[in-house]
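Please find below a note on the salt bridges of the structure under review. The points take the pairs one after another.

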Amino acid sequence: MRFWDTGAMRVAVIGTGGVVAFLGGALIDAGAEVHLVSTPRHVEAVRERGLSLTTDEGARVVTPASVCVDPSGIGTVDVV
C-alpha cells in the first residue's frame with residue numbers, strides 16, 4: 001500500500017535513522033526522486049545495499065537518487 005502519490009517530486013531527506021530512512025524509502029516507493037543526506041557511515045551502507053523497506057506488502061530494497069554527506073550538490077528540491 002502506498003501512502004503518498006508523489007509524482008515527480010524531488011525530496012531531500014536529512015538523516016537515515018530508522019524512522020527517517022523508512023520515510024525516505026516509502027517516498028522512493030511512491031515515485032519520488034529522493035536524495036538522502038546522512039553521516040559517512042550511513043552513506044556508505046546505503047550506497048552498498050540500498051534501503052530495505054518492509055511493509056505489510058513484504059520486504060524490498062529501494063535505491064535513492066543520491067546519497068551524500070554534503071547536500072550542496074543536490075540542487076533544488078520540492079521538500080526537505
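1. A salt bridge is taken here as a side-chain nitrogen of Lys or Arg within 4 Å of a carboxyl oxygen of Asp or Glu. The model is predicted, and by this rule it contains 3 salt bridges.

2. Arginine 10 and glutamate 33 form one such pair, with their closest N and O atoms 2.2 Å apart. The contact links distant parts of the chain, since arginine 10 belongs to strand S1 (residues 10–14) and glutamate 33 to strand S2 (residues 33–37), 23 residues apart. Arginine 10 has a relative accessibility of 22% and therefore counts as partly exposed. Glutamate 33, with a relative accessible area of 31%, is likewise partly exposed.

3. A salt bridge also joins the side chains of aspartate 29 and arginine 60, at an N to O distance of 2.8 Å. Because aspartate 29 lies in helix H1 (residues 18–29) and arginine 60 in strand S4 (residues 58–62), this pair ties together parts that are 31 residues apart in sequence.

4. The burial of this helix-to-strand pair deserves a separate remark. Buried means under 20% relative accessible area; aspartate 29, at 18%, is therefore buried. Arginine 60 has a relative accessibility of 25% and so counts as partly exposed.

5. The side chains of glutamate 48 and arginine 49 also meet in a salt bridge, with an N to O distance of 3.6 Å. Are these two residues, glutamate 48 and arginine 49, buried or exposed? Both glutamate 48 and arginine 49 are exposed.

Key:
Residues numbered from 1 in each chain as written. Predicted model: local features only at pLDDT ≥ 70, side-chain atom pairs only at ≥ 80, totals over all residues. Heavy atoms only, no water. Helix = DSSP H or I, 4+ residues; strand = E, 2+ residues; numbered from the N terminus. Buried < 20%, exposed > 50% of the residue type's maximum accessible area, 1.4 Å probe, protein only.
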